[in-house]
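This report considers how the interior and the pockets of one protein chain are arranged. The sequence and the structure are shown below.

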Amino acid sequence: MRLSGKLVVASHNQGKVREIAELLAPFGIEPVSAGTLGLPEPEETETTFAGNAELKARAAATAAGLPALADDSGLSVEALDGDPGIYSARWAGPAKDFGLAMEKIQALLAEKGAVEPAARRAWFTCALALAWPDGRMETFLGEVHGTLVWPPRGKNGFGYDPMFQADGMDLTFGEMEPAAKHAISHRAIAFAKLIAALK
């Protein structure tokens, strides 16, 4: 599997595009976002992270005539039966207010009396799908497990990062420097698999 030159990052989420661009920087690949190209966002109709990533990558590769990389990722909470899961972005509403989404998770956990760390287990999943205009597709999965904290801590990262503390870490993803987060995150794990395939 060879990849060089321009690559469409099939996302309109600037935080996600920036993070993917940083991870791709050492490989001489020039990422351009779907938003910059004016590509529409396809409706995410699949029931898994991998399915939605593949749907988005295929749509972008076809529309742009370039290889496209799509990420579908989210937070799953054990005590909430895996919610918000593939609906993580939708929980933030049309305004993409993740502060509100984090409050919703906290309220649901409080209803269940989930106060102790053992009752607040959660994990981030990332599915990366790489599609070519000719229909070829490769998909890579990464997960990182941890505990949800309250109140949220830190201004770095995006989404649910300020309330997620990975196993073995003292800081939340929202408190960690980008390089430190990139070393252990769900996206980094999926990317390591992608890069191994590129090599």
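## Helix α1 and its surroundings

The buried residues of α1 are covered by elements that include β1 (5–9), β2 (29–33), β3, α4 and α5. The model is a predicted one. Within α1, the buried positions are G15, K16, V17, E19, I20, L23 and L24.

Several of these residues recur in other features of the model. V17 and L23 belong to a nonpolar core of 18 residues, described further below. K16 is one of the residues nearest the centre of the largest pocket, and G15 and E19 help to line the second largest pocket.

## The nonpolar cores

The largest nonpolar core comprises 21 residues, and the members that touch the most others are L75, V77, I105, L148, Y160 and F164. Two or more residues each come from β3 (68–77), α3 (98–111), β4 (121–131), β5 (137–148) and β6 (164–166). Helix α3 makes the largest contribution, with five residues. A second core, separate from this one, has 18 residues, among them V17, L23, I29 and L130.

Which residues does L148 contact beyond its neighbours within four places in sequence? They are L75, V77, I105, L109, R120, A122, M163 and F164. Of these partners, L75, V77, I105 and F164 are also listed with L148 among the core members that touch the most others.

## The largest pocket

The largest pocket holds about 790 Å³ of space. Its lining consists of 36 residues, and those nearest the centre are K16, E44, K56, A89 and K96. Among the elements that each supply at least two lining residues are α2 (49–64), β3 and α5 (186–198).

Sorted by class, this lining has 16 nonpolar, nine polar and eleven charged residues.

## The second largest pocket

The second largest pocket encloses about 170 Å³. The residues that line this pocket are G15, R18, E19, E22, N156, G157, F158, F173, M176, P178, K181 and H182. Two or more of them come from each of α1 (14–24) and α4 (178–184). Helix α1 gives the most, with four residues.

By class, the lining of this second pocket is divided into four nonpolar, four polar and four charged residues.

## K181 in helix α4

K181 is situated in helix α4 and takes part in lining the second largest pocket. Is K181 buried or exposed? K181 counts as buried because its relative accessibility is 3%, under the 20% limit for that class.

The side chain of K181 forms a polar contact of 2.6 Å with that of D161. Apart from residues up to four places away in sequence, K181 touches E19, G157, F158, D161, F173 and M176. Among these partners, E19, G157, F158, F173 and M176 also line the second largest pocket, and E19 is a buried residue of α1.

## A92 in the loop before α3

A92 is placed in the loop between β3 and α3. With a relative accessible area of 3%, A92 is therefore buried.

Setting aside neighbours within four places in sequence, A92 is in contact with D97, F98 and A101. The C-alpha atoms of A92 and M102 are 8.3 Å apart, and these two residues are separated by ten places along the chain.

Key
Residues numbered from 1 in each chain as written. Predicted model: local features only at pLDDT ≥ 70, side-chain atom pairs only at ≥ 80, totals over all residues. Heavy atoms only, no water. Core = buried A, V, L, I, M, F, W, Y, C linked by side-chain atoms within 4.5 Å. Buried < 20%, exposed > 50% of the residue type's maximum accessible area, 1.4 Å probe, protein only. Contact = heavy atoms within 4.5 Å. 1 Å grid on protein atoms, 1.4 Å probe; cavity = no way out; pocket = protein on both sides within 12 Å on 5 of 7 lines; lining within 4 Å. Points joined across faces, edges and corners; volume = space filled by probe spheres on them. Nonpolar A, V, L, I, M, F, W, Y, C, P; charged D, E, K, R; others polar. Polar contact = N/O pair within 3.5 Å; in protein donor to acceptor, adjacent residues only side chain to side chain.
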